[in-house]
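Trainee: I am new to this structure and would be grateful for a close look at a single part of it. Could you take me through the nonpolar core and what surrounds it?

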Amino acid sequence: KANNADSLLFYRMGDFYEMFFEDAVEASRALGITLTRRGQHLGQDIPMCGVPVHAADDYLQKLIGLGYRVAVCEQTEDPAEAKKRGGKSVVRRDVVRLVTPGTITEEKLLNPGDSNYLMTLARIKGGDKPHYALAWIDISTGIFRLAETDLYRLLSDIMRIDPKELIVADTLFHDEDLRPTFDLLGRIVSPQPAVLFDSATAEHRIARYYHLTALDAFGTFSRSELSAGAAAIAYVEKTQFAERPALGPPERENSASTLLIDPATRANLELVKTMAGDRNGSLVKAIDRTVTGGGARLLTERLMSPLTDVARIQARLDSVSFFLDAQRLTGAVRQEL
């Protein structure tokens with residue numbers, strides 16, 4: 001628990017994952033399950049609650065949806081082996097999986113029509129003003145993008161991407177200039193050790209992930225973008241343990257290529273959810289006739305990030321016109337999809 005202080009600890013005991021102390025109080029309230037007691041600590045009853053192992057994914061889905069992070073602690077040896085060390089020996093256990101809103105890959109826990117972005121925010125001080133950058137990754141699809149931003153448009157850019165989790169350096173988390181933004185974003189913001197954002201080693205860490213010696217083939221990135229990108233990769237490695245998600249090469253996104261929509265306007269437009277936070281009644285719900293999860297994600301992305309580049313707008317309209325003029329082909333493509 002000490003190593004995963006920001007997570008609820010699912011502690012495997014037989015056919016149940018048990019939670020203790022504050023984790024138990026928090027989980028019982030979030031999941032609507034019974035809070036019990038087990039033993040005492042410093043003269044006080046120890047709060048406890050548990051969920052069956054066979055139904056754990058359903059409970060994980062609810063916790064992740066509420067913005068919690070969960071560390072899953074499993075038995076790593078046979079109970080018979082533990083008994084050889086003495087009758088009261090505790091079976092060895094270890095955290096084998098970290099489940100966080102931005103790094104889940106299990107199909108059961110993901111809505112195929114929604115992107116599931118993990119985002120990092122980096123700041124590099126230097127010159128006349130600090131430089132900010134965002135990196136966002138969808139582990140389930142391999143998307144990896146970077147973009148510069150500034151204090152004025154920061155909240156707008158974050159809400160445009162709509163990440164499930166925003167990772168920031170613990171030193172940045174307490175910055176007075178950013179406090180209003182983090183307060184508005186709420187539980188999705190997670191402070192992490194500042195070493196994840198070390199700009200001096202950022203390029204090397206990204207290159208190492210792709211088994212490259214340099215990032216020249218991927219393009220040119222600013223120091224702040226490299227810092228955000230390296231932090232995103234470090235967090236993925238931290239949560240995925242032995243897994244190594246297949247990420248596409250980092251793509252630099254020009255912030256001027258999409259329309260800036262301030263948070264209040266975005267909320268009032270109800271593009272992907274209503275003012276009450278429901279998808280039903282939103283614009284995307286009204287117009288979404290896609291037949292695949294990938295199509296639904298692309299439609300949502302285009303609604304959230306309207307283009308400002310005339311050539312790209314025209315190319316998109318040309319592709320729409322093509323399918324409108326080829327009704328038989330359109331039907332065949334939809335059937336195949």
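Mentor: The account below begins with the core, turns to one residue inside it, and then moves outward to loops and the surface. Please keep in mind that this is a predicted model.

The largest nonpolar core has 48 residues, and those with the most contacts inside it are Leu 121, Leu 166 and Phe 182. Helix H8, residues 223-240, gives the most to this core, with nine residues. Apart from it lies another core, of 22 residues, which includes Met 19, Ile 33, Val 72 and Leu 110.

Let us take Leu 166 as the point of reference. Leu 166 belongs to strand S10, which covers residues 165-169. Its relative accessible area is 0%, so Leu 166 counts as buried, a term that applies under 20%. Setting aside residues up to four places away in sequence, Leu 166 touches Met 119, Thr 120, Leu 121, Ile 158, Phe 182, Leu 185, Ile 188, Val 189 and Ser 190. Both Leu 121 and Phe 182 are thus among the contacts of Leu 166. As for distance along the chain and in space, Leu 166 and Gly 186 are 20 residues apart in sequence, and their C-alpha atoms are 10.0 Å apart.

Two loops deserve attention here. Asp 162 lies in the loop between helix H4 (154-161) and S10. Asp 162 is partly exposed, with a relative accessible area of 31%. The phi of Asp 162 is near 55°, a positive value in a residue other than glycine. This merits notice because most residues other than glycine have a negative phi.

Asp 175 is found in the loop between helix H5 (170-173) and helix H6 (179-185). Asp 175 is buried, since its relative accessible area is 16% and the limit for that term is under 20%. The side chain of Asp 175 reaches the backbone nitrogen of Asp 177 at 2.8 Å.

For contrast, consider the surface. A nonpolar patch of about 520 Å² is made there by Val 291, Phe 322, Phe 323, Leu 329, Val 333 and Leu 337. Helix H12 (310-325) and helix H13 (327-336) each supply at least two residues of this patch. One of its members, Leu 329, lies in helix H13. Whereas Leu 166 is buried, Leu 329 is partly exposed, with a relative accessible area of 38%.

Terms used. Residues numbered from 1 in each chain as written. Predicted model: local features only at pLDDT ≥ 70, side-chain atom pairs only at ≥ 80, totals over all residues. Heavy atoms only, no water. Patch = residues over 30% accessible without salt bridge, like charges linked within 9 Å, V, L, I, M, F, W, Y side chains within 5 Å. Areas by Shrake-Rupley, 256 points an atom, 1.4 Å probe, with all protein chains shown as cover. Salt bridge = Lys/Arg side-chain N within 4 Å of Asp/Glu carboxyl O. Helix = DSSP H or I, 4+ residues; strand = E, 2+ residues; numbered from the N terminus. Buried < 20%, exposed > 50% of the residue type's maximum accessible area, 1.4 Å probe, protein only. Core = buried A, V, L, I, M, F, W, Y, C linked by side-chain atoms within 4.5 Å. Polar contact = N/O pair within 3.5 Å; in protein donor to acceptor, adjacent residues only side chain to side chain. Contact = heavy atoms within 4.5 Å.
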